[in-house]
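Welcome! Take a moment to look over the sequence and the model before we talk it through.

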Amino acid sequence: MTSPHIEMATENARRMLASERADFRSAETVLYVMGQMTAPEAAQEVERVVTPHEKLHGAFRRVKDELHALHALQDAEKLLDVLQNAEHQVRAKAATIPAFLELRGCEPVPRELTCTDAAQRALLGCERWDFDVFALDRATNGHALVALGGRLLGEKCSSLNISSDVLHAFLSSLEGVYRKDVAYHTATHAADVVHSAAFLFRNGMFLPSVDESQVALLELAVLIAAAAHDAAHPGVNADFLMRTSDPLAVLYNDKSILENMHAAICFRLLSGVESTLLAALEPAQRSQLRTWVIVMILATDMKGHYSLMTELAEIEPWAFDSVMPTEELSFVLGVLLHAADLGGPTKPSTVVRWSRRVAEEFFEQGVKEREHGLKVSEGFDRENSGKLWPQRNAAFINFIVAPVCAIVNNTC
């Protein structure tokens with residue numbers, strides 16, 4: 001039960017807070033103590049406040065100073081507890097995030113690098129199939145993905161209320177996760193696939209059979225998937241990861257290891273605090289875009305090439321005057337990105353450079369295999385396979401790339 005003295009002190013403190021005098025209003029410390037009265041020491045200090053009116057001011061100041069220091073210490077201890085709990089929660093959350101998703105922050109690429117006259121001239125050729133992405137990369141000081149992605153995605157983002165600054169930040173972060181110590185699976189390759197995917201989409205690959213209201217969202221999904229389809233590629237294939245018991249192979253149970261990683265990194269970036277690219281979309285749109293992007297990135301797994309081609313040959317043709325069924329749409333999106341990913345050898349101005357880069361990455365994997373005491377994969381030994389590379393490359397084009405191009409040609 002509260003004593004009359006404490007009730008009187010509380011009432012006095014309330015009156016002081018209501019006063020126009022600033023020194024009286026500062027009595028909120030006393031009022032706080034009244035409400036928290038539990039310790040005998042604090043009760044004794046409060047009793048000192050219950051004095052004749054002429055002594056109240058001086059006594060209040062003395063008590064206020066002492067109690068204020070006590071409260072400050074208590075508040076500091078509470079704050080320390082909060083911070084320690086928050087740190088514990090952050091560490092616990094971090095422990096659940098695979099190491100490859102612990103992405104470093106990346107500053108946006110300076111716009112002056114992607115907006116120079118040389119860059120704009122290089123971008124003029126992006127309407128043609130035989131686009132030289134290496135020329136754009138030189139003109140932008142290594143930022144072809146940001147420059148080309150900004151050009152091709154810009155209009156679609158505008159129609160979906162996505163700002164150009166947000167798009168630029170996302171593309172900069174995505175370009176930043178591509179490794180610079182690999183020969184082929186680089187941000188430059190990603191830019192080339194973005195170009196190929198945009199060309200196929202905009203030049204009629206199944207476009208007449210898509211619901212008009214979905215076109216902008218669909219193209220956004222296509223170009224995001226193309227840009228992210230090899231994000232953070234380590235420069236070795238899935239077989240190498242499995243043979244070395246890499247954590248990624250364990251995580252994804254040897255199934256589309258790299259493609260699952262690429263998709264996970266893509267959405268890690270899309271959901272990061274630095275990039276709110278999808279925030280402007282409705283929940284249903286975000287869900288649909290996520291489904292499409294994952295389907296497309298997983299379709300770039302070369303281990304699924306022949307089954308994809310078999311399914312494509314068996315699929316029922318759709319009428320171009322009707323909307324494509326949802327299931328077939330997702331499948332054909334996968335075909336589109338798979339075809340775009342294989343498009344390098346079909347562009348005369350860059351085919352030789354891409355071929356050399358693929359060979360170099362294969363040979364570097366051969367070196368790593370030897371370092372791990374593994375048998376070197378067929379075709380990955382620089383000394384024994386280097387001279388045969390032209391023949392191997394020609395076989396890849398004739399038996400892998402050409403059939404895909406033939407089907408795409410008939411579809412467009």
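What follows is a conversation between a visitor and a guide about this predicted model.

Visitor: How many helices and strands are there in the chain?
Guide: Happy to start with the overview. The chain has 412 residues, and 46% of them count as buried. As for its secondary structure, the chain has 0 strands, and the number of helices is 21.

Visitor: What share of the contacts with a separation of 6 or more comes from residues 24 or more positions apart?
Guide: Here we set aside pairs with a separation below 6 and look at the contacts that remain. Within that set, the share that joins residues 24 or more positions apart is 74%.

Visitor: How much of the area that the chain exposes is supplied by carbon and sulfur atoms?
Guide: Let's take the total first: the chain exposes about 21900 Å². Of this area, the part supplied by carbon and sulfur atoms is 55%.

Visitor: Are helix 9 and helix 11 roughly parallel or roughly antiparallel?
Guide: Find helix 9 at residues 144-159 and helix 11 at residues 187-202; their axes are 8 Å apart and the packing angle is about 20°. Angles under 35 degrees count as roughly parallel. Helix 9 and helix 11 are therefore roughly parallel.

Visitor: How many nonpolar residues does the contact of helix 9 with helix 11 have?
Guide: The crossing of these two helices, helix 9 and helix 11, is left-handed. Helix 9 brings Ala144, Leu145, Leu148 and Leu152 to the contact, while helix 11 brings Ala187, Ala190, Ala191, Val194, His195, Ala198 and Arg202. Sorted by class, the contact has 1 charged residue and 1 polar residue, and the nonpolar count is 9.

Visitor: Arg151 is also found in helix 9. Which residues is it in contact with, leaving aside neighbours within four places in sequence?
Guide: Arg151 counts as partly exposed, because its relative accessibility is 33%. Leu123 is 28 residues away from Arg151 along the chain, yet their C-alpha atoms are separated by 8.2 Å. With the neighbours within four places left aside, the contacts of Arg151 are Gln120, Leu123 and Cys126.

Visitor: How are helix 12 and helix 18 oriented to each other?
Guide: Helix 12 covers residues 215-228 and helix 18 covers residues 326-341; their axes are 11 Å apart, at an angle of about 40°. Angles under 35 degrees count as roughly parallel, and those from 65 to 115 as roughly perpendicular. The angle here fits neither class, so helix 12 and helix 18 are oblique.

Visitor: Which class do the residues of the contact of helix 12 with helix 18 belong to: nonpolar, polar or charged?
Guide: This crossing of helix 12 and helix 18 is right-handed. On one side are Leu218, Val222, Ala225 and Ala226 of helix 12, and they meet Leu329, Leu333, Leu336 and Leu337 of helix 18. The contact has no polar and no charged residues, and the 8 residues it does have are nonpolar.

Visitor: Does Asn141 count as buried or exposed?
Guide: Asn141 lies in the loop between helix 8 (133-139) and helix 9. Its phi is positive, about 60°, although Asn141 is not a glycine. Over 50% relative accessible area means exposed. Asn141 has 57%, so it counts as exposed.

Visitor: What about Asp254: where is it, and what is its relative accessible area?
Guide: Look in the loop between helix 14 (247-251) and helix 15 (257-270) for Asp254. Asp254 is a residue other than glycine with a positive phi, near 65°. Asp254 is partly exposed, and its relative accessible area is 41%.

Notes:
Residues numbered from 1 in each chain as written. Predicted model: local features only at pLDDT ≥ 70, side-chain atom pairs only at ≥ 80, totals over all residues. Heavy atoms only, no water. Axes fitted to C-alpha atoms, helices over the stretch in contact; angles between N-to-C directions. Helix = DSSP H or I, 4+ residues; strand = E, 2+ residues; numbered from the N terminus. Parallel < 35°, antiparallel > 145°, perpendicular 65-115°, else oblique. Left-handed = near helix turned anticlockwise from the far one by under 90°. Contact = heavy atoms within 4.5 Å. Nonpolar A, V, L, I, M, F, W, Y, C, P; charged D, E, K, R; others polar. Buried < 20%, exposed > 50% of the residue type's maximum accessible area, 1.4 Å probe, protein only. Areas by Shrake-Rupley, 256 points an atom, 1.4 Å probe, with all protein chains shown as cover.
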